[in-house]
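Biologist: I have a model open and would like to learn how to read it. Could you take me through it feature by feature?

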Amino acid sequence: MPSVGRLAVVVVAALVVLAGCGGAPPVAAPAAAGCITTFDPQTDYFPVKAQFEHATNVTLTYERSYRVLTVKQPFPGGAPESYVLLQCGAPRPQLPPELAKAAVIETPVRSIYSASTTQLPMITDIGALDQLTGVATPDYVSDAAVQARIAAGAVRGFATNGQTNGESVLAAVPSVLLSQGTEDPAFPALRAGGVPVIGWAEYLETGPLGQAEWIKVMGALTGHEVDAARVYDDIARRYADVTGKVAGAAPVPVLLGSAYQGSWSVPAGAGTAGILVMDAGGTWSQAANPATGLLPQDLETVFAADGQAGIWLTDGPLPTKAAALAVDARYGTLAAVRNGQVWTRDKRMSPTGGNDIFERGVTHPDEVLADLAAILHPDRLPGHEFVYYRQAAA
Amino acid sequence: MRGAGALLALGGAVAVLFVLAVALGPVPVPLGDTVRVLVGAEPSDPRWTVVVGTFRISRAATAAIAGAGLGVAGLLMQTLFRNALADPYVLGVSAGASLGVALFLAATTTAAAGATFGAGLVGLGRVGAVGSAAVGAAAVLGLVLVLARRVRSSVTLLIVGVMVGAVAAAVVSLVLVWTDPLTAQQYLLWGLGSVDATTGADLPILATVVAAGLVLAGLCAAPLTAFLLGDDYARSMGVDVRTVRIAVLVAAALLAGGITAYCGPIAFVGIAVPHLARLVAGTSDHRLLLPVAALVGAVTLLACTIVAHPPGAELVVPLNVVTSLVGGPVVIAVLLRSNRFAGAAT
């Protein structure tokens with residue numbers, strides 16, 4: 001059977017070639033710090049315990065050698081999921097029955113695969129950047145420190161076309177993969193293959209500070225709980241400073257969102273975007289709407305309700321008034337366009353297309369709030385340096 | 001007489017629905033003020049000048065023009081292919097336009113971020129989006145027309161059109177997978193179909209393109225009737241099958257391509273209106289059937305537009321939801337009640 005033999009040789013040769021093409025070996029992770037060297041069952045290994053003030057979609061409970069992280073809704077409509085964060089060096093604990101199926105993740109984690117860019121500023125802020133080894137789409141990353149690590153080859157992309165490359169993740173064996181708050185078809189295989197996946201759903205929090213507070217989860221994972229608490233407290237204090245500055249000022253009417261193909265998406269009052277505008281001293285037709293998302297509305301509805309507002313906070317890339325009119329000549333009927341008070345939130349764009357307001361802005365709501373307050377009440381924040389917003393040129 | 005009466009009644013219905021589409025909308029505008037805006041007088045609230053004069057008239061006019069065009073384009077395709085399921089998009093027009101829009105959106109969002117690819121497109125705004133849809137539709141139709149010259153059978157041409165459309169749709173999927181979520185969302189919105197996006201500046205162009213398509217379709221009316229009995233029969237009646245076929249394809253391309261460029265792919269109207277038109281006209285003579293299909297199309301899309309913008313509505317109802325969700329059952333009911341149900345396609 002010489003032909004079978006030849007075939008076998010060809011197949012083996014092909015497999016060898018393919019194996020050679022299978023990418024470089026996994027990025028070496030640094031040795032974990034903070035591991036227990038001599039385990040004492042009576043010692044409380046977590047003297048610092050995270051407390052959540054605003055976040056409601058996540059809880060952390062503490063035992064002596066492990067914490068239990070529970071995400072109530074790991075993705076929209078998802079059932080609660082718990083993860084056991086076991087301090088490395090501790091023996092595997094006797095877990096209660098309700099945690100029998102929970103993934104056990106050794107902390108501090110050695111390597112993180114991050115599916116959402118909102119996680120990156122948290123990692124940078126608490127000084128855990130050397131634990132980051134993978135991001136979903138490198139091109140969408142704005143954070144300069146992360147970009148530098150990507151350029152140096154220490155951080156890899158694992159979902160560059162929006163679809164998780166399960167095989168490359170399995171080959172890299174990260175300590176944990178943090179999702180972007182949606183379930184991915186590749187996740188079951190990753191979990192089965194020994195890569196724990198945490199449903200990271202900070203965007204399901206309602207309220208800017210609740211989202212920012214997820215930095216405490218990052219602190220627990222990376223062994224930087226003290227840093228995380230300090231960073232969060234600073235953010236919350238600065239946020240309160242800004243709300244204090246605009247307190248008492250009459251709310252300024254504002255037009256929010258933008259139209260596409262004849263439909264206008266207006267943020268509702270109870271969502272994060274809406275809360276930020278209200279806290280910055282603004283008001284609009286849907287401010288009292290208890291919904292949390294974007295409301296698709298008719299052009300005429302938005303024009304009649306908010307078209308006379310003197311300021312337009314648009315979400316589209318409208319660098320100039322002329323660009324706005326080129327998109328839709330009817331924008332010229334808006335008072336804010338006539339006044340030249342059109343503000344876009346694309347001041348911080350990465351060269352490859354990432355908008356930092358969706359990255360850093362999510363976990364630094366104090367900066368977004370200060371921008372908004374300075375637009376709406378310039379007299380209360382004189383000399384403000386804008387971070388994310390810029391005024392469209394006339 | 002039945003024909004003249006039907007045309008008159010349909011013309012009246014178009015006029016009534018047009019007035020309703022201008023008078024009704026989510027924002028309650030007093031009737032007196034609507035009339036004042038229409039006659040050029042000052043309304044009680046200056047906002048109504050914009051709501052009625054800028055938004056609603058464009059919307060109603062777009063609905064009437066697009067409805068007429070899609071109705072006729074659907075009839076042309078159903079007759080040419082002798083297929084009750086053919087619609088204006090059967091030759092890949094919609095897929096071609098979608099590809100143009102997807103590429104344009106991807107290029108502009110990348111360029112807005114500072115990349116060089118597509119940098120020249122950013123300032124184009126709406127002109128760019130409409131133009132890219134038109135170019136995409138024209139490219140696909142051009143390809144189909146070239147292939148049509150090599151194909152004798154209309155059925156083969158139908159299959160070729162569907163295949164070309166499938167290839168374009170596959171490229172769209174590829175673009176969407178590689179683009180950012182914002183672009184994908186904008187593309188999705190475009191795909192929902194809308195008569196709200198056309199501005200006063202768009203209308204003359206849309207009207208001219210649709211008028212050209214309608215005139216060309218009208219010139220083909222007599223030979224089209226012969227097509228119903230097959231290409232060979234038409235040939236035996238002295239019809240230059242190849243020339244008429246190309247003319248019909250160009251007419252359908254102008255209609256479907258132009259409308260899709262401005263409104264996105266509007267579902268259902270193109271496939272349902274010809275069936276309703278046959279019931280109303282009671283004949284398969286295209287000299288009557290074509291104008292009836294145009295008017296029934298205008299009536300249908302105006303009615304759908306009114307339903308999609310109900311007075312007092314808080315949220316937008318996508319046009320395609322109305323055309324399919326409300327229109328589908330209505331057409332089924334009409335066809336079932338009709339004796340001509342069984343022969344609706346011919």
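What follows is a conversation about chain A, its sheets, two helices of chain B and the contact of the chains.

Modeller: Sure. Keep in mind that this is a predicted model. Let's begin with the overall picture and then go into the parts.

Biologist: How many helices and strands does the secondary structure of chain A come to?

Modeller: Chain A has 14 helices and 17 strands. Along the principal axes, its C-alpha atoms fill a box of roughly 80 × 65 × 35 Å. Of the 394 residues in chain A, 49% are buried. A residue counts as buried if 20 or more other C-beta atoms lie within 10 Å of its own.

Biologist: And what share of the contacts in chain A with a separation of 6 or more comes from residues 24 or more positions apart?

Modeller: That share is 60%.

Biologist: Now the sheets. In what order do the four strands of the mixed sheet sit?

Modeller: Read a sheet by going from one edge across to the other. Here the order is β1-β2-β3-β4 in chain A, and the sheet is open. β1 (58-62) and β4 (103-107) of chain A are the edge strands, each pairing on one side only. On average, neighbouring strands of this sheet are turned by 25° against each other, with direction ignored.

Biologist: Which helix packs on that sheet?

Modeller: That's α7(A), residues 215-222, which touches β1, β2, β3 and β4 of chain A. The direction of α7(A) makes about 145° with that of β2(A).

Biologist: Let's go pair by pair. How are β1(A) and β2(A) paired, parallel or antiparallel?

Modeller: Antiparallel, over five bridges. The link from β1(A) to β2(A) is a hairpin of three residues. To find the register, look for bridge partners: Val58(A) is matched with Val71(A) in β2(A).

Biologist: How many bridges pair β2(A) with β3(A)?

Modeller: Six, and the sense is antiparallel; β2(A) covers residues 66-71 and β3(A) residues 81-87. You can check the register at two places: Tyr66(A) stands opposite Leu86(A), and Thr70(A) stands opposite Ser82(A).

Biologist: The sheet is mixed, so to speak, by name. Where does the parallel pairing come in?

Modeller: Between β3(A) and β4(A), which run parallel and are joined by five bridges. Leu85(A) faces Ile105(A) of β4(A) in that pairing. β3(A) is also mostly covered, with five of its seven residues buried.

Biologist: What is the strand order in the sheet of five strands?

Modeller: That open sheet of chain A runs β7-β6-β5-β8-β9, with parallel pairing. Its edges are β7 (156-157) and β9 (197-198) of chain A, and each of these pairs on one side only. At the β7(A) end, two bridges join β7(A) to β6(A), residues 132-135, in parallel. There, Val135(A) has Gly157(A) of β7(A) as its bridge partner.

Biologist: Over to chain B. Why does the length of α3(B) agree with what a helix should span?

Modeller: The test is to take a rise of 1.5 Å a residue and compare the result with the distance between the end C-alpha atoms. For α3(B), residues 47-81, the 35 residues should span 51 Å, and the ends are 49 Å apart, so the two agree. Look along the helix as well: α3(B) bends by about 35° at Arg56(B). It is mostly covered, with 30 of its 35 residues buried. Right after α3(B) comes Arg82(B), whose phi is positive, near 45°.

Biologist: How far apart are the end C-alpha atoms of α11(B)?

Modeller: They are 32 Å apart; the 23 residues of α11(B), residues 241-263, should span 33 Å at 1.5 Å a residue, so this agrees too. Since 17 of those 23 residues are buried, α11(B) is largely enclosed by the rest of the structure. Just after α11(B), Gly264(B) has a positive phi of about 75°.

Biologist: Last topic, the contact of the chains. How many residues does each chain give?

Modeller: Chain A gives 29 residues and chain B gives 34. On the chain A side, the elements giving two or more residues are β14 (294-298), α10 (299-306) and α11 (321-327) of chain A. α10(A) gives the most, with five residues. By type, the chain A side divides into 14 nonpolar, eleven polar and four charged residues.

Note on methods:
Residues numbered from 1 in each chain as written. Chains lettered and ligands numbered in written order. Predicted model: local features only at pLDDT ≥ 70, side-chain atom pairs only at ≥ 80, totals over all residues. Contact = placed C-beta atoms within 7 Å. Nonpolar A, V, L, I, M, F, W, Y, C, P; charged D, E, K, R; others polar. Expected span 1.5 Å × (residues − 1). Bend = angle between axes of the 7 residues up to and from the residue. Buried ≥ 20, exposed ≤ 12 C-beta atoms within 10 Å, placed from the backbone. Pairing = 2+ DSSP bridges. Axes fitted to C-alpha atoms, helices over the stretch in contact; angles between N-to-C directions.
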